[in-house]
Structures are given as structure tokens and as C-alpha cells.
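Me: I am new to this structure and would like to learn how to read its surface. Could you take me through a pocket and a patch?

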Amino acid sequence: MWRPYFEPYHLIIVQDGDPSKTIRVPKGFDYEFYNRDDINRILGPKASCISYKDGACRSFGFLISKKKYIFTIDDDASLREGAPTAVSHGLWLNIPDYAAPTQLVKPRERNTRYVDAVMTVPKGALFPMCGMNLAFDRELIGLAMHHGLMGEGQPIGHYDDMWAGWCMKVICDHLGWGVKTGLPYIWHSKASNPFSNLTKEYKGILWQEDMIPFFQSLKLPKDCNTSQKCYIELSKLVRARLGKIDPYFIRLADAMVTWIEAWDELNNTSGTASAAPAKVK
């Protein structure tokens, strides 16, 4: 179903999980394929800023892409329709993207309501961004799309796109850029295991009582006039304010700085960094 939409474009596929497993990509696509071994080889010590065995690994694709616009999608989604915009948070039909506690009490709920609309998320308002159907202007806001530090070796998972969305939104609000949500829709066809999700999410459920007020009250200095300056300042605030909650946030702040360093390194016009993928077709 996706072939006519993806064939004209260059694809970056980031494998989530065991790099020894073979991923077979159908013929006819222009793509680069990266697994964890590639990420470690390309970034070296800076690979610590890229999550492992978590959907947040998509951040690596944002890092190495050279395209102005990026569309990111999960492997269990199918297309409904599309509409281009600078920052587009698409929605989905069928299986809701609930947190584990809600998923447990509403296991059979399905979203069947299609709303033919695109709305601007108001300035100053946060929203629960989902990475399964998302497009953005890499030149404007790509630096803020780091999906946190999640998955294996971390005390939290499944908050990768939420974290990126909060960071992105406060930076867009500060710099005067718009964020839209609504169309396009996809069809979400696979529900993840709520019991497994709960073990990954429970820290986030507790910590969001501090994380959300942190972002709601956050004010960036006027001299932060680029997404990079904003993200660096944000990392300092994460360390100073959220670092008091748990040492995890100190590591996260470090990963945010490492992400910026890796972004600069891989986008250096001198060409000193090599980002050759395992497979290019």
C-alpha cells in the first residue's frame, strides 16, 4: 500500500533492536539501512545519545538525513491521506495510542471518528505528540526532535515522542513557529502489550507530574534565537531542575548535549564525518 508514496523518496530505515536480525526491504526503494552496530560505528562514544530497543532510535535518522522535510512513521501503520506543512502531527484511526493504564481498562476501544481538519496547537499549549505519523521541517526544528534517552539500560520507555514533543513545542513557541495537528490520518493496526508497556512507562507516569509543569513554566532567554541555542539552554534547565528528581535526568541532559555535538559533526560541511550505512539501495 505504501509503495506508490515511498518510491519517489529517499528512505532512512533505523532498525529497533537486535542488529543480528535480518530486515528484508522489498526491491525498488531508494533507502539507507542502519542498525545498532552502524550507529555505534558512526557516532562512536556519542552513540550514547541514541536510545536502544525503543522507538526513540528514530532520532538517528533525523540526525543523518540531509533533507529539508522529514516524515517519520512506525512499521505498523498504513496511509489514509496526506497534507504538507512545516510541523505536522498526524492522527490515526483504529487502535488508540494510550498509556498502559488506560490501555488496560479500555482494551477494546477503537477510534472510528475521522475529522477532516487541521488545527494549530495554540501557543503555550503542550500536547501528547506521537511519533508514528509525524512530519517536520528539519532545518527549522530538527535539532529539537531528539527522542530522549529511552529503552534498554534506562529506567523509562515509551515517553520518547512525548519528550520530543514537549521540547519541540516550547522551542517553536519561543521562536514563533507553528505546530499543527489533525490530517493526515493513518490506520494503526497493532496494539502493544499493556503489561510490558507498564513496566516501561511507570516511571514516566510518576515523573510527568514534574515534567509537564517544568515545560509549562519554561521561559527561554531572548538571545536563544535558533533551535540549537534553545536546545542547549533547555538541556541546562533539565539538568538544573529535573536533575533533582532522579539521576536519569542528568544523563538525559548529557545526552541532549551529545546529540547537538553529533548533529554538528555529521552536518559538518568539511565532510570529515562518515555516515555510510550498512546498506544503500
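Reply: What follows covers one pocket and then one surface patch, in a model that is predicted.

Me: What is the volume of the second largest pocket?

Reply: Its volume is about 240 Å³.

Me: Which residues line the second largest pocket?

Reply: A lining is read as a list of residues along the chain. Here the list runs Lys123, Gly124, Leu126, Lys169, Val170, Asp173, His174, Phe215, Gln216, Leu218, Lys219 and Leu220.

Me: Which element gives the largest share of the lining of the second largest pocket?

Reply: Helix α6 does, with four residues. At least two lining residues come from each of α6 (160-175) and α7 (194-216).

Me: How do the residues of that lining divide into nonpolar, polar and charged?

Reply: Five residues of the lining are nonpolar, three are polar and four are charged.

Me: Now the patch. Which residues make the nonpolar surface patch?

Reply: Leu104, Val105, Phe195, Leu198, Tyr202 and Leu206 make a nonpolar patch of about 600 Å² on the surface. Two or more of the patch residues come from each of α4 (100-105) and α7. The largest share belongs to α7, which supplies four residues.

Me: Take one member, Val105. Is Val105 buried or exposed?

Reply: The general idea is to compare the relative accessible area with a cut-off: a residue counts as exposed over 50%. Val105, which is found in helix α4, has a relative accessible area of 64%, so Val105 is exposed.

Definitions and conventions. Residues are numbered from 1 along each chain as its sequence is written. This is a predicted model: local features need pLDDT of at least 70, side-chain atom pairs count only at pLDDT 80 or more; totals for chains, interfaces and linings use all residues. Side-chain values use heavy atoms; hydrogens and water are left out. On a 1 Å grid over the protein atoms alone, a cavity is a set of points where a 1.4 Å probe fits but cannot get out, and a pocket is an open set with protein on both sides within 12 Å along at least five of seven lines; lining residues have an atom within 4 Å of a point. Grid points are joined across faces, edges and corners, and a volume is the space filled by probe spheres set on the points. Ala, Val, Leu, Ile, Met, Phe, Trp, Tyr, Cys and Pro count as nonpolar, Asp, Glu, Lys and Arg as charged, and the others, Gly among them, as polar. Patches are made of residues with over 30% relative accessible area and no salt bridge: like charges are joined within 9 Å, nonpolar side chains (Val, Leu, Ile, Met, Phe, Trp, Tyr) within 5 Å. Accessible areas come from the Shrake-Rupley method with a 1.4 Å probe; for residues, only the protein chains shown count as cover. A salt bridge is a side-chain nitrogen of Lys or Arg within 4 Å of a carboxyl oxygen of Asp or Glu. Buried means under 20% relative accessible area, exposed over 50%, partly exposed in between (1.4 Å probe, protein chains only).
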